[in-house]
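Let's take a walk through this protein, one piece at a time. Have the sequence and the 3D view open as you read.

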Amino acid sequence: MQVAATHEHKDLNGRAVADQILADIHDQMESLKSHGWKPKLISITVGDTSAVEVYVRNQKRTAERAGIAFEERNFSADVSDTELHAALAAMNADPSVTGIIIQRPVPSHLAIKKLQSAVHPLKDVEGMHPASIGNIVYNQLDLAPCTAAASVELLKRTGLRLQGLEVTVVGHSEIVGKPIAFLLMSEGCTVTVCHHMTRNLAVHSRQADAVFVAVGKPGLITGDMIKPGAAVIDIGINQIQTESGEARIVGDVDYHSCRPIAGWITPVPGGVGPVTVATLMRNTLVAARRQRQHYEAEFGKPMAV
Ligand code: NAP
């Protein structure tokens, strides 16, 4: 059993972790720019942007802090599949574009998985392309899906030794739960994955030194479902109404009952979210470097952009 030395809880402050990641990226970005490379992230939205406005604004602000150019392209709600694929092909071929993000949701006539697969893997800063997902299965972890990578980064910040750590992941979606499980396996953790057919969730969550929760159900994990001293990484983002009628954002974990039991816990908001956006910027840096290496290997000379 490998848990915190005392049961006194420690908040895992995502904003502080994000600040450290961004400061590091900013320095590396300056060095990349001094070699003539100017990473640029393109954010694609389709139709009404109200559901993603806050996220996009936050990404833009964070990109600016990291020294990355950020450009928004909005397509009309009735854009055809063919038109959008053509636009993606043009961005894939444009050397000034080093990363592409497709903001979700997109209108139902567009197949999001097909669009994600149409982003060139070298520009796939979200880590959503099947090739990017496949890479993490093969232990190539540096362009992993952002939320999954951010969640594992927060576990690392506890200082716990990951080799042999018993971890339970609740939720097994393609973009969050499954990649988290693969990243943890690469670190040497013993991983249990739970989903809606899991017979007794508490049996699995209670045995774990660390619990990751990515479901989208507020209050799913309560204090009696975790081992004293465990690390609790809450990925859920849910909007609820308080008794006074106010809208509030909460995670999947019942923070108040888990906090006194946990060794470490991520708050929502302010936990996984800011680290996810910082990870997007880190992926942009990694992608830009890879494109540069790829170009130089292909053409035998530095690329002018
Ligand atoms: P999703 O695609 O809806 O997947 C939810 C997962 O939860 C599914 O694997 C589902 O399993 C499982 N599940 C459903 N009911 C369950 C139960 N009672 N017990 C255990 N597992 C259950 O959602 P997602 O995209 O992974 O997102 C999950 C949450 O994370 C959402 O709240 C989302 O808003 C949030 N999120 C946060 C960030 C961030 O940056 N912090 C980023 C992305 C997503 P089945 O498939 O078997 O039904």
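Before we talk about strands sitting side by side, one bit of vocabulary: two strands count as a pair if DSSP finds at least two bridges between them. Keep in mind, too, that this is a predicted model.

**The sheet**

With that in hand, look at strand E2, residues 40-46, which pairs with E4 in the parallel sense over four bridges. Along the way, isoleucine 44 stands opposite isoleucine 102 in E4. Zoom out a little and you'll find an open sheet of three strands, in the order E3-E2-E4, with parallel pairing. Which strands sit at the edges? They are E3 (69-75) and E4 (99-102), each pairing on one side only. From one strand to the next, the twist averages 20°. The sheet also has a helix for company: H2 (residues 53-66) lies across E2, E3 and E4, and runs at about 155° to E3.

**Charged partners**

Now for the salt bridges: a search of the whole structure turns up 15 of them. Here are some of them, with the N to O distance for each.

| Salt bridge | Distance |
|---|---|
| Lysine 40 and glutamate 71 | 3.2 Å |
| Glutamate 71 and arginine 73 | 3.1 Å |
| Glutamate 126 and arginine 104 | 3.5 Å |

Glutamate 126 sits in the loop between helix H4 (112-118) and helix H5 (130-137), while arginine 104 sits in the loop between E4 and H4, so their bridge ties together parts 22 residues apart in sequence. Is glutamate 126 buried or exposed? It's buried, with a relative accessible area of 10%, whereas arginine 104 is partly exposed at 33%.

The bridges that share partners join Lys40, Glu71 and Arg73 into one network. Why does lysine 40 count as buried? Its relative accessibility is 18%, and buried means under 20%. Glutamate 71 is partly exposed at 28%, and arginine 73 is partly exposed as well, at 27%.

**Two helices crossing**

Last stop: helix H6 (residues 146-156) and helix H10 (residues 272-299). They pack at an angle of about 115°, with their axes 8 Å apart, and H6 passes H10 in a right-handed crossing. On the H6 side, the residues that meet H10 include Cys146, Ala149, Ala150 and Leu154. On the H10 side, Val272, Val275, Leu280 and Arg282 are among them. What kinds of residues make up this contact? They divide into seven nonpolar, five polar and two charged.

Definitions and conventions:
Residues are numbered from 1 along each chain as its sequence is written. This is a predicted model: local features need pLDDT of at least 70, side-chain atom pairs count only at pLDDT 80 or more; totals for chains, interfaces and linings use all residues. Side-chain values use heavy atoms; hydrogens and water are left out. Axes are lines fitted to C-alpha atoms, for helices over the stretch in contact, and angles run from 0 to 180 degrees between N-to-C directions. A crossing is left-handed if the near helix is turned anticlockwise from the far one by less than a right angle, and right-handed if clockwise. Contact means heavy atoms within 4.5 Å. Ala, Val, Leu, Ile, Met, Phe, Trp, Tyr, Cys and Pro count as nonpolar, Asp, Glu, Lys and Arg as charged, and the others, Gly among them, as polar. A salt bridge is a side-chain nitrogen of Lys or Arg within 4 Å of a carboxyl oxygen of Asp or Glu. Buried means under 20% relative accessible area, exposed over 50%, partly exposed in between (1.4 Å probe, protein chains only).
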